[in-house]
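This report looks at how one helix sits in its surroundings and how the sheet beside it is put together.

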Amino acid sequence: MIDLMSKHITIDDFSSFPHSFMSNEGGTSRGIYRSLNCGPGSNDDAANVAENRRIVAEHIAKRRDAHVLSCYQHHSADVVVASSDWGEDRPKADAMVTRAPGLILGILTADCTPVLFSDEQAGVIGAAHAGWKGALSGVLENTILEMEKLGSTRANIKAAIGPTIHQPSYEVGAGFKDQFLEKNTSFEKFFIAGKDSDHFQFDLPGLVTARLETANILAHHNVRIDTYTSDVHFSYRRTTHRGEPDYGRQISAIMLPA
């Protein structure tokens, strides 16, 4: 069961691991970053971002000084193993795995798909940033492989898909679609007709779900929230359509209990 009573969403199946798909509410940022902007890559006041991440630490770990890790995300299939806090020296990667208690793995998004992973039996967790490039190039599969290297068994891994842009909000051009069909013609199923023959509506969470199932991750959940239409989530595409100069990032986070 998914707990939607809070705008910060938790998954019952992940109850052994402190976690949350955080909304943009409950933070200190103002203006276009209002209010829980956790993205150090934004042009928000760095002090506000740091405080917002301490708020996340308190929410997840019940300690403001818990380490909230995030990567320099660059739409890749790269995965890193987290064994200690790397502070501001963020590795270039789009997913993390760990078996170290007390480290909060945080994925930053503003339309791309955050995916949290857990293996209760092995005591291993993971978190991935699956934009279309990462999902297409294998970031989810690579995350699963790295979890296996830490002792996970694929049959015991559970996944949860967080707030992301959904098909009615995700218009793309014919060239975008062609990149998918060149990879696999079966990816046609993730596109429906758009406003004209040169445009289509793309199903990013559908692609993510299919990649998980192909990787034999059958225990998966989806919170089914469209970031573009949600009034409590940041959206890069909505910001672009409004002509705003920048945008915030929400965080999706998971931790092994210390």
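## Helix H3 and the six-stranded sheet

In this predicted model, helix H3 spans residues 139–149, and its buried residues are Val139, Leu140, Thr143, Ile144, Glu146 and Met147. When H3 is seen down its axis, these buried residues fall within an arc of 165°, so they line one face of the helix. Just after H3, glycine 151 takes a positive phi of about 115°.

The elements against which the buried residues of H3 pack are listed here.

| Element | Residues |
|---|---|
| strand S5 | 79–81 |
| strand S6 | 95–98 |
| strand S8 | 113–119 |
| strand S9 | 124–130 |
| helix H2 | 132–137 |
| helix H5 | 204–214 |

H3 lies across S5, S6, S8 and S9, and its direction makes an angle of about 165° with that of S9.

As for the sheet itself, six strands form an open sheet in the order S5-S6-S9-S8-S10-S14, and their pairing is mixed. S5 and strand S14 (219–222) stand at the edges with a single partner strand each, so one side of each is left without a neighbour in the sheet. On average, and with direction ignored, neighbouring strands of this sheet are turned by 15° against each other.

Strands of a sheet pair through backbone hydrogen bonds, in either a parallel or an antiparallel sense. Between S6 and S9 the pairing is antiparallel and extends over four bridges, and valine 97 has glycine 126, in S9, as its bridge partner.

Note on methods
Residues numbered from 1 in each chain as written. Predicted model: local features only at pLDDT ≥ 70, side-chain atom pairs only at ≥ 80, totals over all residues. Heavy atoms only, no water. Buried < 20%, exposed > 50% of the residue type's maximum accessible area, 1.4 Å probe, protein only. Helix = DSSP H or I, 4+ residues; strand = E, 2+ residues; numbered from the N terminus. Arc of directions from axis to C-beta. Contact = heavy atoms within 4.5 Å. Pairing = 2+ DSSP bridges. Axes fitted to C-alpha atoms, helices over the stretch in contact; angles between N-to-C directions.
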